[in-house]
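User: I would like to learn how to read a helical model, one feature at a time. Where should we start?

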Amino acid sequence: MKKQSTKILVAVTLPLIGLFALPQLGAEPTRPTDSDQTETSFMFRKLEAVNQINTGLATEDFQLIKTGGTKLLELSEDAAWKVRRDPLYLHYSSAFQTNVNGLIKAAEQESLGDATFSYINITVSCMSCHKHVRGVVQVSSAGLE
């Protein structure tokens, strides 16, 4: 019964994941050019890892899920990740790392349902943090004009 409910959870949530991830399964994100800023290159590396996770979930490739999760965790420890120090940013960053650790653990246990749930939580924390960062940048730069 548990396996059937996990498959139903995955069948319902995987299409939703596609709304937040790359538009095509297995699609490579467009690589930044040399003239792009370091921030763009860093974001590209995050997208590559997310694409691995998304592909791994869709194909039940737990090693690919773990590899993508491990890359995300490593990126979250990079200095480029820690561009902000405000409490809300730090909260989102901590939640992200907790969710990525949950994803890696689920991949190690070959639990597709738990991995999918962790991935959804990762996506929500990413979108919330990106919205926050865009809002902080807009507010702080508005006073400079």
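**Reading the helix α3**

Analyst: Start with a length check on one helix. This is a predicted model. At 1.5 Å a residue, the 15 residues of α3 should span 21 Å, and the C-alpha atoms at its ends lie 21 Å apart, so the two values agree.

User: Which residues of α3 are buried?

Analyst: Buried here means under 20% relative accessible area. In α3 that holds for Phe62, Ile65, Gly68, Gly69, Leu72, Leu73, Leu75 and Ser76. Viewed down the helix axis, the buried residues of α3 fall within an arc of 160 degrees, so they line one face of the helix.

User: Which exposed residues does the face turned away from the buried side of α3 carry?

Analyst: That face carries Gln63 and Glu74.

User: What caps the N-terminal end of α3?

Analyst: For a cap, look for a side-chain atom close to a backbone atom at the helix end. Aspartate 61 has this role in α3, with a side-chain oxygen 3.2 Å from the backbone nitrogen of glutamine 63.

User: How many helices and strands does the chain have?

Analyst: There are five helices and zero strands, giving the pattern α-α-α-α-α along the sequence. Of the 145 residues in the chain, 34% are buried. Among contacts between residues at least 6 apart in sequence, 63% join residues at least 24 apart.

User: Which residues touch the most other members of the largest nonpolar core?

Analyst: That core has 18 residues, and those touching the most other members are Ile53, Leu57, Ile65, Leu72, Val100 and Leu103. Two or more residues each come from α2 (38-59), α3 (62-76), α4 (87-108) and α5 (112-142). The most come from α4, which gives six.

User: Is methionine 43 buried, partly exposed or exposed?

Analyst: Methionine 43 belongs to helix α2. Its relative accessibility is 29%, so methionine 43 counts as partly exposed. Methionine 43 and leucine 75 are 32 residues apart along the chain, and their C-alpha atoms are separated by 9.7 Å.

User: Which elements have the lowest and the highest mean pLDDT?

Analyst: Helix α1 (residues 2-20) has the lowest, at 52, and α3 the highest, at 96. Across the chain the mean is 77, with 63% of residues reaching 70 or more.

User: Where does pLDDT stay under 50?

Analyst: It does so over residues 19-37, for which the model has 25 contacts beyond four places in sequence. Where pLDDT is low, the predicted coordinates should not be read in detail.

Methods: Residues numbered from 1 in each chain as written. Predicted model: local features only at pLDDT ≥ 70, side-chain atom pairs only at ≥ 80, totals over all residues. Heavy atoms only, no water. Core = buried A, V, L, I, M, F, W, Y, C linked by side-chain atoms within 4.5 Å. Buried < 20%, exposed > 50% of the residue type's maximum accessible area, 1.4 Å probe, protein only. Helix = DSSP H or I, 4+ residues; strand = E, 2+ residues; numbered from the N terminus. Expected span 1.5 Å × (residues − 1). Arc of directions from axis to C-beta. Polar contact = N/O pair within 3.5 Å; in protein donor to acceptor, adjacent residues only side chain to side chain. pLDDT = per-residue confidence, 0-100. Contact = heavy atoms within 4.5 Å.
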